[in-house]
Amino acid sequence: MRFVASEHHRGHDPATEVDAGEVVGIYECVARGDSIWTALDAAPGYESVPVVEHGLDPIRAVHDADLVRFLSTAWEELAAVMAQRGQDRRQVIADLFPNPRYRDGMGEWREPDNAVARLGYWSFETATPMLAGTWSAARAAVDVALTATDLVLAGDRAAYGLCRPPGHHAASAMFGGYCYLNNAAIAADAAATTTGSRVAVLDVDYHHGNGTQQIFYGRSDVLYASVHADPAFAFPAFSGFADETGTGRGLGATVNVPLPHDCDEARYLDGLEVALETIERFAPDLLVLSLGVDTYELDPIAGLGLTTESFAKLGRRLAADGRPTVILQEGGYHLDHLARNVLAVLDGFGG
Ligand code: SP5
Ligand code: ZN
């Protein structure tokens, strides 16, 4: 299998996140990308392909132009505000968010002038810091996804994109959940619109991919199917319920399979079958797999009772459907076992 990765991920090197008010070490760290890359280089049967820059157009096809403008200039503006305050910061985390009820009965929102307030205006939680290298890493992750997609559209049966930062929590006009740009959604949209093909996104990250769902909620050309921890107890809490099935032309093209806290491998694979049946009925030309391995039983912030062998089964099950597949990295936070779990899926797929 050919794979794509970018050195630019290392420029996005956050130190901390805020979890229930407590400052903790960041889980979405540089070592995640490096460990997977090192393992791919050492494993037989994997060949690295250079990243091809695809520019801003495929990004703007999915994301609000104002969000893209904000992300591209955010660090300079934040650094200027911090300098004015006499503070030297390596990263900034938002601490003010636009609750939709704030302006009840008061008319439209305005984007704030202050860069720290704008950080909250465009985001939704406190684990997604902005740093000097964030924008180039986020852009490179999109190029990684689009390059892997090009390989599959040109005939590779599967390709892996080592996207870091991940993408599936980034909505059309909102970032967060460690995600800035939605790599999988941009890849799926580019494939669907440039080739006129039907695309299914299968999201197996522990967390519901609220961003990918929102981006495609009203569309019938891209199916979004997700198997994830029930939002009743898991992040991101506000989406991923079984009764969310799309809207308008997109009705029926969103499928959510929430799973219980005590989910074991057998229950997980049953849930996966539900998602795969809807994909089968949709009959896509291309599958984009949002591959989070934070469903691993030992994951430090997530975990759904899957083992490394479960990930091999997942890879074999997807390969059995025989669809051209773009595999893109999302979450997975057990640093010592992350690479082996990703490799288990890829090897299971056929390596
Ligand atoms: C791509 C992806 O996997 N994003 C996940 C973002 C999760 N953000 C933090 C969730 C907070 C969960 N708190 C768990 C407490 C463990 N000590
Ligand atoms: Zn996740």
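A residue counts as buried when its relative accessible area is under 20%. In this predicted model, H207 has a relative accessibility of 8% and therefore counts as buried, and D205, with a relative accessible area of 1%, is buried as well.

Both residues belong to the metal site, where the protein donors of the zinc ion (ligand 2) are D205, which is listed with two OD entries, H207 through ND1, and D294 through OD, lying 1.9 to 2.7 Å from the ion. Along the chain, the donors of this zinc ion follow the spacing D-x1-H-x86-D.

D205, H207 and D294 also appear among the residues around ligand 1, together with D19, P166, H168, H169, G177, Y178, F235, G331 and Y333. By residue class, this shell around ligand 1 divides into four nonpolar, five polar and three charged residues. Ligand 1 itself sits in the largest pocket.

Three polar contacts between the protein and ligand 1 are set out below.

| Residue | Protein atom | Atom of ligand 1 | Distance |
|---|---|---|---|
| H169 | side-chain N or O | nitrogen | 3.3 Å |
| G177 | backbone N or O | nitrogen | 3.1 Å |
| Y333 | polar side-chain atom | oxygen | 2.5 Å |

Taken alone, ligand 1 exposes 510 Å², and the protein buries 76% of that area. The contacts with ligand 1 thus involve the side chain of H169 and that of Y333, whereas G177 takes part through a backbone atom.

Notes. Residues are numbered from 1 along each chain as its sequence is written. Chains are lettered from A and ligands numbered from 1 in the order in which they are written. This is a predicted model: local features need pLDDT of at least 70, side-chain atom pairs count only at pLDDT 80 or more; totals for chains, interfaces and linings use all residues. Side-chain values use heavy atoms; hydrogens and water are left out. A residue is near a molecule or strand if one of its heavy atoms lies within 4 Å of it. A polar contact is a pair of N or O atoms within 3.5 Å; within protein, one must be able to donate a hydrogen and the other to accept it, and residues adjacent in sequence count only if both atoms are side-chain atoms. Accessible areas come from the Shrake-Rupley method with a 1.4 Å probe; for residues, only the protein chains shown count as cover. On a 1 Å grid over the protein atoms alone, a cavity is a set of points where a 1.4 Å probe fits but cannot get out, and a pocket is an open set with protein on both sides within 12 Å along at least five of seven lines; lining residues have an atom within 4 Å of a point. A molecule sits in a cavity or pocket if more than half of its atoms lie within 2 Å of its grid points. Ala, Val, Leu, Ile, Met, Phe, Trp, Tyr, Cys and Pro count as nonpolar, Asp, Glu, Lys and Arg as charged, and the others, Gly among them, as polar. Donors are N, O and S atoms within 2.8 Å of the metal (3.2 Å for Na, K and Ca); water is not among the atoms, so sites may look incomplete. Buried means under 20% relative accessible area, exposed over 50%, partly exposed in between (1.4 Å probe, protein chains only).
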